[in-house]
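Me: I should like to understand how the terms used for a protein model are justified. Please set each value against its rule.

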Amino acid sequence: MTNKEMWDKNGFIQIDNILSQSELEIVAQICDRLLNGNYDTEGLRSDLSGKSDSANQELITQIMCPSSLDSEFLNLPHFKKTRKIAIEILGDDIDVDFDMIINKRPNTTTETPWHQDAAYWPSLEDKRACSFWIALDDVNQENGCMMYIGSSHQSGVLRKHEFAHAGGALKTSVSQDEEIYFGELRKGSTIGHHGHTVHGALGNQSNINQRRAWIINYRPIPMIKQMRDLGYNHTGKRKILVDCNRE
């Protein structure tokens, strides 16, 4: 089965070892510099959990649009390689819409709730979109791997969403009869998922292993322009969209 066929069927696609060891080291070092405060991320950084622990540390660190801080980031290998796959499964008119870094530090049991990415976006005529979740650490069910509901993108509608916590992420419900795919990955591998694919992530229960990921979203260039014309650059407050109130 081709990448395109798997994408159309499942709403997500796993590509192992998309980065070489040397490429992974480059990307991981830059990720650490961003997480450690070497760049001014004011207005871009938040705790995705909507709360912090007793030591006032972020449980789930999110940095939106890190590529906006240095244009050279767009030349990093994970951008080049995921772009090639995005064009393969979505079409030649695809470009980077936004990116983000998410890190779950050790001993963090906070889960990323089930949701559809499109619940965060304005309604667009062209629904083609793919977010590549690139693992910078080995990821499994202990330290917070991604979870997917296969083929959930095929309905073409958004489920009802609400906030998991004030200032936190959106969440939706998953029924007991829906089969969960656990996206366990070796570092340097990636899973790309459709904007309507229902997904979430487990908490990091490891004592020593962090869970860093760099996410890159692609969509048609005309739709990127339309989003910018609407004033939507993925750095504002999280909100529920009007067309996200139906099953």
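The exchange below takes up overall form, aromatic rings and cysteines in turn.

Me: What kind of model is this, and how many helices and strands are in the protein?
Reply: The model is predicted. The protein has four helices and 13 strands.

Me: What makes the radius of gyration agree with that of a compact globule?
Reply: For 247 residues, a compact globule would have a value near 18 Å; the protein has 17 Å, and therefore the two agree. The C-alpha trace spans about 40 × 40 × 35 Å along its principal axes. Of the 247 residues, 51% are buried.

Me: Why are Tyr39 and Phe73 called an aromatic pair, and why edge-to-face?
Reply: Ring centres must lie within 6.5 Å, and planes over 60 degrees apart count as edge-to-face. Tyr39 and Phe73 are 5.6 Å apart, centre to centre, with 70° between the planes, so both conditions are met. The pair links distant parts of the chain, 34 residues apart: Tyr39 is in the loop between helix H2 and strand E2, and Phe73 is in the loop between strand E3 and helix H3.

Me: How do you know whether Tyr39 and Phe73 are buried or exposed?
Reply: Buried means under 20% relative accessible area. Tyr39 has 17% and Phe73 has 3%, so both residues count as buried.

Me: What makes Phe79 and Trp214 an edge-to-face pair?
Reply: Their centres are 6.2 Å apart and their planes 85° apart; the limits are within 6.5 Å and over 60 degrees, so the name applies. Phe79 lies in helix H3 and Trp214 in strand E13, so this pair ties together parts 135 residues apart in sequence. Both Phe79 and Trp214 are buried. Ring pairs link Tyr39, Phe73, Phe79 and Trp214 into a cluster.

Me: Where does Arg219 lie with respect to Trp121?
Reply: Arg219 lies over the face of Trp121, at 4.1 Å from the ring centre.

Me: How do you know that Cys31 and Cys65 form no disulfide?
Reply: A disulfide needs two cysteine sulfur atoms within 2.5 Å. The closest cysteine sulfur to that of Cys31 is in Cys65, 15 Å away, which is too far for a bond. The count of disulfides is zero.

Me: Why are Cys31 and Cys65 called buried?
Reply: The relative accessible area is 0% for Cys31 and 9% for Cys65. Buried means under 20%, so the term holds for Cys31 and for Cys65.

Technical notes:
Residues are numbered from 1 along each chain as its sequence is written. This is a predicted model: local features need pLDDT of at least 70, side-chain atom pairs count only at pLDDT 80 or more; totals for chains, interfaces and linings use all residues. Side-chain values use heavy atoms; hydrogens and water are left out. Rings of Phe, Tyr and Trp (its six-membered ring) pair if their centres lie within 6.5 Å; planes under 30 degrees apart count as stacked, over 60 as edge-to-face and the rest as tilted. Helices (H or I, at least four residues) and strands (E, at least two) are DSSP runs, numbered from the N terminus. Buried means under 20% relative accessible area, exposed over 50%, partly exposed in between (1.4 Å probe, protein chains only). A charge sits over a ring if NZ of Lys or CZ of Arg is within 6 Å of the ring centre and within 35 degrees of the ring normal. The radius of gyration is taken over C-alpha atoms; the globule rule is 2.2 Å times the number of residues to the power 0.38.
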